[in-house]
Every structure is written in structure tokens, then in C-alpha cells.
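Please take a moment to look over the sequence and the model that follow. The paragraphs after them go through charged pairs, aromatic rings, cysteines and enclosed spaces in turn.

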Amino acid sequence: MTEPVVRIPDAKVALSTASVYPESTATAFEIAARLGYDGVEVMVWTDPVSQDIEALRRLSDYHQVPVLAVHAPCLLITQRVWSTDPWVKLQRARAAAEKLGATTVVVHPPFRWQRGYSRDFVNGIWRMADETDVRFAVENMYPWRYRDREVLAYAPDWDVTNDDYRHFTVDLSHTATARTDALRMVDRMGDRLAHVHLADGNGSNKDEHLVPGRGKQPCAELLERLATSGFGGHVVVEVNTRRSMSAAEREADLAEALAFTRLYLASSSTGVPGS
């Protein structure tokens with residue numbers, strides 16, 4: 001007679017430093033350590049500390065929280081961070097990941113108006129990936145909407161599964177905003193899924209990044225699938241806490257997100273091999 005067992009994959013659960021905005025990158029390390037996250041993903045943005053490899057190394061060493069991933073500065077507000085040349089941004093992100101011991105660089109597809117960059121993006125990502133052990137995991141995005149208008153802001157495509165990349169990041173807040181089926185997208189990514197941004201959403205025009213379990217995305221189902229498939233990448237909690245009324249409320253949300261993630265990554269199995 002077999003007894004159920006719980007199997008937990010090798011995936012580490014990290015906190016995105018974007019999850020504490022408008023607080024600082026340093027605050028993210030402190031909260032990640034206090035709550036028991038396995039590491040952080042550094043969002044490189046206008047906070048000078050997020051751009052400073054030595055400062056990040058000191059924070060990592062002081063809090064004993066490893067940097068597991070680096071999110072390249074791909075946002076509208078970071079167009080001048082680490083150069084205005086998007087390829088230089090990716091080169092610096094790779095160098096930061098290598099020096100900090102991170103395994104993954106997260107990158108968005110180009111904006112449509114970045115014509116030269118977007119034209120060579122797929123081949124260029126392959127070239128860069130061939131030069132390092134760091135994974136360039138390209139993240140799914142979404143159409144921009146205003147009232148009844150839809151703008152396709154990303155090229156070659158916001159749905160990154162329509163192009164040939166070595167590694168993918170799936171973001172469940174972005175699947176909500178795109179109003180696409182998250183699990184089908186994950187199926188299309190297959191074994192090239194290397195990284196997960198865990199957040200929730202209700203399918204509004206805005207990229208909501210809700211605490212998982214507070215929206216309509218299949219957050220629990222995805223985590224259970226990762227557990228049973230032996231997923232070995234990282235799961236990063238990337239939620240919006242900017243409306244928190246206090247530091248305690250923000251920390252409670254991030255603790256809830258971590259508990260949710262760990263709960264559903266624990267996969268129940270019907271038996272033990274050889275029993």
C-alpha cells in the first residue's frame with residue numbers, strides 16, 4: 001500500500017525588487033531576507049543602487065540573499081538607464097548577472113519604434129546566449145489598450161511564443177492583460193520555459209500585478225504543473241504593492257505571496273517509486 005508524498009521541485013522562489021516600489025532596492029533585500037525568500041531578482045531601473053553591481057553585491061552578502069536574476073532595463077522609464085543603446089543594456093545586464101552569480105537575464109521584446117533593434121532582436125538574443133552560460137529569458141508582453149483602441153507596441157510580437165527564442169519568461173499578470181490563456185502559452189513554451197513572474201490579474205487594460213490568488217489567472221495550476229514537471233528555473237514574485245498603506249501591509253502582502261507560491265509548488269504524489 002502506497003502513501004501520498006509531497007514533492008517540491010528544485011525551483012527557487014525569489015522576490016522581484018520591483019515588488020517593493022516605491023521603496024528602494026535595498027529594502028527589497030531586507031524584506032526578502034526577513035520573510036525567507038530564496039533570493040531576489042534585481043529590476044534595473046532609476047534607483048542608482050539597482051545599477052551598481054558592487055552595491056548589489058554588498059547587499060547580497062550582508063543579507064545573505066543571493067541575486068538569482070537580473071531584469072534588464074526595458075521599461076519606458078528606463079530608456080536612458082545603462083545607455084540608450086538597447087544592446088549595450090543587455091550586455092551590461094549579462095555582465096551584472098555573471099558577476100553576481102545570477103543565472104538569468106529577463107528581457108522584454110523591443111518597442112515597435114525601436115526598428116533596428118527589433119529587426120535583429122531574435123537573432124541577436126541567440127548570439128548573446130551563445131556567448132555566456134546566463135540564460136536570456138524573453139518575457140511575454142501584451143497589447144496596449146485605451147478604451148476601444150488597441151496598440152501593438154512590441155515587435156516582433158508581444159506573444160513571444162510566435163518567435164524562436166532559446167528561453168522564455170512567462171508573466172501571469174501580462175497574460176491577464178493580454179487576455180490570453182496562460183496555460184496554453186506555457187504549453188507552447190514547453191521545455192524552453194526557464195523563468196516565471198508570478199502575479200495575478202483580472203484582465204483589465206492595466207498591468208495589475210496582483211498578489212497571486214487575488215485575480216483570475218491560473219497561478220495555483222501553473223505552480224502545480226511546475227512541481228510535477230520538475231521545473232528547475234526560478235519563480236519570482238513580482239507584485240504591485242505601491243498602494244500599501246504602510247510598510248507592515250506591504251510586508252504582509254509579500255509574505256502571503258510567498259506562502260501561496262510555496263504551498264502550490266509542493267506537489268502531492270500518489271506513491272513512492274519502488275514502494
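Arginine 262 has a relative accessibility of 35%, which means that this residue counts as partly exposed, and in this predicted model its side chain meets that of aspartate 38 in a salt bridge, with 3.1 Å from N to O. The two partners come from distant parts of the chain, 224 residues apart: aspartate 38 sits in the loop between helix H1 (25-35) and strand S3 (39-43), while arginine 262 belongs to helix H9 (residues 247-265). Aspartate 38, with a relative accessible area of 29%, is partly exposed as well.

This bridge belongs to a wider set, for the structure holds 14 salt bridges. Side chains of opposite charge can pair when their charged atoms come close. Another case is the salt bridge between aspartate 187 and arginine 225, whose closest N and O atoms are 2.5 Å apart. Because aspartate 187 lies in helix H7 (residues 182-189) and arginine 225 in helix H8 (residues 219-229), this pair ties together parts that are 38 residues apart in sequence. Arginine 225 counts as partly exposed, at 30% relative accessibility.

A salt bridge also joins the side chains of arginine 127 and aspartate 120, with 2.5 Å from N to O. Arginine 127 is partly exposed at 43% relative accessibility, and aspartate 120 is partly exposed at 25%. Elsewhere, salt bridges link Glu30, Arg34 and Glu251 in a network.

The aromatic rings offer a second way through the model. A pair of aromatic rings is described by the distance of the centres and the angle of the planes. How many aromatic pairs are there? The count comes to 13 aromatic pairs, and one of them is formed by tyrosine 21 and tryptophan 45, an edge-to-face pair with 5.1 Å from centre to centre and 75° between the planes. This pair, too, links distant parts of the chain, 24 residues apart, since tyrosine 21 is in the loop between strand S2 (12-16) and H1, and tryptophan 45 is in the loop between S3 and helix H2 (53-63). The two rings fall into separate classes of accessibility: tyrosine 21 counts as partly exposed at 34%, whereas tryptophan 45 counts as buried at 16%.

A further pair is made by phenylalanine 121 and tyrosine 165, whose ring centres are 5.8 Å apart and whose planes stand at 65°, so the pair is edge-to-face. Here the connection runs between parts of the chain 44 residues apart, with phenylalanine 121 in helix H5 (residues 121-129) and tyrosine 165 in the loop between strand S8 (149-151) and strand S9 (167-171). Are these two residues buried or exposed? Phenylalanine 121 is buried, with a relative accessible area of 0%, and tyrosine 165 is likewise buried at 0% relative accessibility. Both take part in a cluster in which ring pairs link Trp87, Tyr117, Phe121, Tyr165 and Phe168.

Turning to the cysteines, the count of disulfides comes to zero. Cysteine 219 counts as buried, at 1% relative accessibility, and cysteine 74 is also buried, with a relative accessible area of 13%.

Cysteine 74 appears again in the description of the enclosed space, where the count comes to one cavity of 30 Å³ or more. The largest cavity holds about 90 Å³ of space, and among the residues that line the cavity are Cys74, Lys89, His108, Phe111 and Tyr117. The largest contribution to this lining comes from helix H3 (residues 86-100), which gives three residues. Divided by class, the lining of the largest cavity has eight nonpolar residues, three polar and one charged. Tyr117, named in this lining, is a member of the ring cluster described above.

The last feature to look at is the largest pocket, which has a volume of about 1,300 Å³. Of the 41 residues that line this pocket, the closest to its centre are Asp207, Glu208, His209, Asn240 and Arg242. By class, the lining of the largest pocket is made up of 16 nonpolar, 12 polar and 13 charged residues. Which elements each supply at least two residues of this lining? Strand S7 (144-146) and H9 each do so, and H9 is the helix that holds arginine 262, the residue with which this account began.

Key
Residues numbered from 1 in each chain as written. Predicted model: local features only at pLDDT ≥ 70, side-chain atom pairs only at ≥ 80, totals over all residues. Heavy atoms only, no water. Disulfide = S-S within 2.5 Å. Buried < 20%, exposed > 50% of the residue type's maximum accessible area, 1.4 Å probe, protein only. Salt bridge = Lys/Arg side-chain N within 4 Å of Asp/Glu carboxyl O. Helix = DSSP H or I, 4+ residues; strand = E, 2+ residues; numbered from the N terminus. 1 Å grid on protein atoms, 1.4 Å probe; cavity = no way out; pocket = protein on both sides within 12 Å on 5 of 7 lines; lining within 4 Å. Points joined across faces, edges and corners; volume = space filled by probe spheres on them. Nonpolar A, V, L, I, M, F, W, Y, C, P; charged D, E, K, R; others polar. Phe/Tyr/Trp six-rings, centres within 6.5 Å; stacked < 30°, edge-to-face > 60°.
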